Amino acid sequence: MKKRVVLISVAAASAVALFFFLRAVFSGKLILNPVIVESLGPFSIRWYGVMIATGIIVAYILGRHQGLKEGIKEDYMIEGVFIGIIFGVLGARIYYVVFNYELYKGDFWSIFRTWDGGLAIHGAFFAALIVTFLYVKLRKKAELRFLQVTDIFTAVLPLAQAIGRWGNFLNYEAYGSPTDLPWRMFVPLRYRMPGYSGYDYFHPTFLYESLANIVIFSFLYWYLGKRRNFGEVTALYMIFYSIVRFFVEGLRLDSLYIGKTDVRTAQVVSVVLLFAGITLFMLSRYKGKPVKKAS
């Protein structure tokens with residue numbers, strides 16, 4: 001009982017502190033510095049990288065717990081996650097650069113400066129699926145199922161995304177259109193998108209998506225521990241996140257577009273993943289194989 005009271009007290013105190021912190025930042029009274037350490041040799045330590053790393057670590061800890069319950073050996077989980085992180089980051093960066101090539105074509109080396117931002121979750125998701133498929137096929141000794149691994153991955157992914165979005169916040173990026181809503185966010189002039197220098201306050205779309213991802217994670221992680229068929233959690237992630245991303249993307253000012261059109265890449269991908277998720281859920285629910293817990 002005492003432990004629970006302490007945890008609740010810490011959570012409540014943290015929520016209050018976060019509220020006042022956000023209020024100061026959103027009002028413009030507190031201006032954030034995206035950099036923690038300005039110069040560490042040729043590199044710098046930025047909050048963006050710290051938040052991404054934190055999201056990955058927390059997601060792995062939770063995914064590991066479920067993986068062990070399903071009989072997956074930890075050695076394979078560590079190996080798979082290590083490979084997945086490398087190719088996930090590569091996929092996220094390649095996706096972003098391809099659809100934002102005009103920004104990088106004049107400075108080749110800027111393509112590698114991921115710590116400045118510029119990672120697309122859809123690119124990471126597709127890369128992770130490909131790497132998982134290849135790993136399961138090539139690592140036959142692991143005795144893994146593709147949809148078993150993707151279920152665990154997609155159950156914890158929303159939490160990693162929720163934490164990672166705070167990296168966008170600390171970079172003053174991924175915000176939305178100008179607004180006068182009470183929860184509007186102040187963006188310093190140097191971080192405003194071209195054409196919006198006359199506006200001070202914008203939609204905190206990072207917060208919208210972060211909160212939505214926490215809700216998605218809570219449901220999927222609970223569902224993961226229930227009796228389910230392989231693929232159901234993967235499908236539900238594709239459905240829920242696609243719905244959230246479609247609407248949040250419509251507010252953002254830094255969207256990636258298909259060619260020179262006004263069609264937002266993330267919205268198109270979200271629609272495709274939504275229908276793919278519905279199809280996968282139906283197949284998994286009625287024709288899939290049930291997950292067996294480790295004895």
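# Reading a predicted helical model

Me: I have found Glu143 in the loop that joins H5 to H6. Is Glu143 buried or exposed?

Reply: One thing before that: this is a predicted model. To judge burial, look at the relative accessible area; over 50% counts as exposed and under 20% as buried. Glu143 has 70%, so it is exposed.

Me: What is the phi value of Glu143?

Reply: Phi is a backbone angle, and its sign is the thing to check here. For Glu143, phi is near 55°, which is a positive value in a residue that is not glycine. Tyr172 is another residue other than glycine with a positive phi, also near 55°.

Me: Where is Tyr172, and is it buried or exposed?

Reply: Tyr172 sits in the loop running between H6 and strand S3, which covers residues 185–186. Its relative accessible area is 2%, so Tyr172 is buried. Take the two loop residues in turn: Glu143 is exposed, whereas Tyr172 is buried.

Me: Now for residues inside helices. Which helix holds Asp151?

Reply: Asp151 is in helix H6, which spans residues 146–170. Its relative accessibility is 0%, and therefore it counts as buried.

Me: Which atoms does the side chain of Asp151 reach?

Reply: To answer that, list the polar contacts and note whether each partner is backbone or side chain. For Asp151 there is one of each kind to read: its side chain reaches the backbone nitrogen of Gly231 at 2.9 Å, and it makes a polar contact of 2.7 Å with the side chain of Thr234.

Me: Which residues does Asp151 touch, not counting those up to four places away in sequence?

Reply: Setting those neighbours aside leaves the contacts made with other parts of the chain. Asp151 touches Leu224, Arg228, Asn229, Phe230, Gly231, Glu232, Val233 and Thr234. Gly231 and Thr234, the partners described above, are both in that list.

Me: H6 also holds Asn168. Is Asn168 buried or exposed?

Reply: Asn168 has a relative accessible area of 8%, so it is buried. A polar contact of 2.7 Å links its side chain to that of Glu173. With neighbours within four places in sequence left out, Asn168 is in contact with Tyr48, Glu173 and Ala174.

Me: How do I read a nonpolar core?

Reply: Begin with the general idea. In soluble globular proteins, nonpolar side chains tend to be buried together. In this model the largest nonpolar core has 56 residues, and those touching the most other members are Phe26, Trp166, Phe169, Phe206, Leu220 and Tyr237. Several helices give two or more residues to this core, among them H1 (2–27), H2 (47–69), H3 (74–98), H5 (121–138), H6, H7 (205–224), H8 (232–249) and H9 (265–287). H6 gives the most, with 10 residues.

Me: Which residues is Phe169 in contact with?

Reply: Again neighbours within four places in sequence are left out. Phe169 is in contact with Phe21, Leu22, Val25, Phe26, Leu32, Met185 and Phe206. Of these, Phe26 and Phe206 are named with Phe169 among the residues that touch the most other core members.

Me: How do I read the way two helices pack, for example H2 and H6?

Reply: Take the distance between the axes, then the angle, then the handedness. The axes of H2 and H6 come within 8 Å and cross at roughly 165°. An angle over 145 degrees counts as roughly antiparallel, so H2 is roughly antiparallel to H6. The crossing of H2 and H6 is right-handed.

Me: What do the axes of H5 and H8 do?

Reply: They come within 13 Å and cross at roughly 165°, which means that H5 is roughly antiparallel to H8. This crossing is left-handed. Where the two meet, Ile121, His122 and Phe125 come from H5, and Tyr237, Met238, Tyr241 and Arg245 come from H8.

Me: Is Leu138 buried or exposed?

Reply: Leu138 lies in helix H5. Its relative accessibility is 72%, so it counts as exposed.

Me: How many residues separate Lys287 from Phe230 along the chain?

Reply: Distance along the chain and distance in space are separate readings. Lys287 and Phe230 are 57 residues apart along the chain, and their C-alpha atoms are separated by 9.8 Å. Leu138 and Leu90 are 48 residues apart in sequence, with 21 Å between their C-alpha atoms. Lys287 lies in helix H9 and is exposed, with a relative accessible area of 72%.

Terms used. Residues are numbered from 1 along each chain as its sequence is written. This is a predicted model: local features need pLDDT of at least 70, side-chain atom pairs count only at pLDDT 80 or more; totals for chains, interfaces and linings use all residues. Side-chain values use heavy atoms; hydrogens and water are left out. Helices (H or I, at least four residues) and strands (E, at least two) are DSSP runs, numbered from the N terminus. Buried means under 20% relative accessible area, exposed over 50%, partly exposed in between (1.4 Å probe, protein chains only). A polar contact is a pair of N or O atoms within 3.5 Å; within protein, one must be able to donate a hydrogen and the other to accept it, and residues adjacent in sequence count only if both atoms are side-chain atoms. Contact means heavy atoms within 4.5 Å. A nonpolar core is a set of buried Ala, Val, Leu, Ile, Met, Phe, Trp, Tyr and Cys residues joined through side-chain atoms within 4.5 Å. Axes are lines fitted to C-alpha atoms, for helices over the stretch in contact, and angles run from 0 to 180 degrees between N-to-C directions. Angles under 35 degrees count as roughly parallel, over 145 as roughly antiparallel, 65 to 115 as roughly perpendicular and the rest as oblique. A crossing is left-handed if the near helix is turned anticlockwise from the far one by less than a right angle, and right-handed if clockwise.
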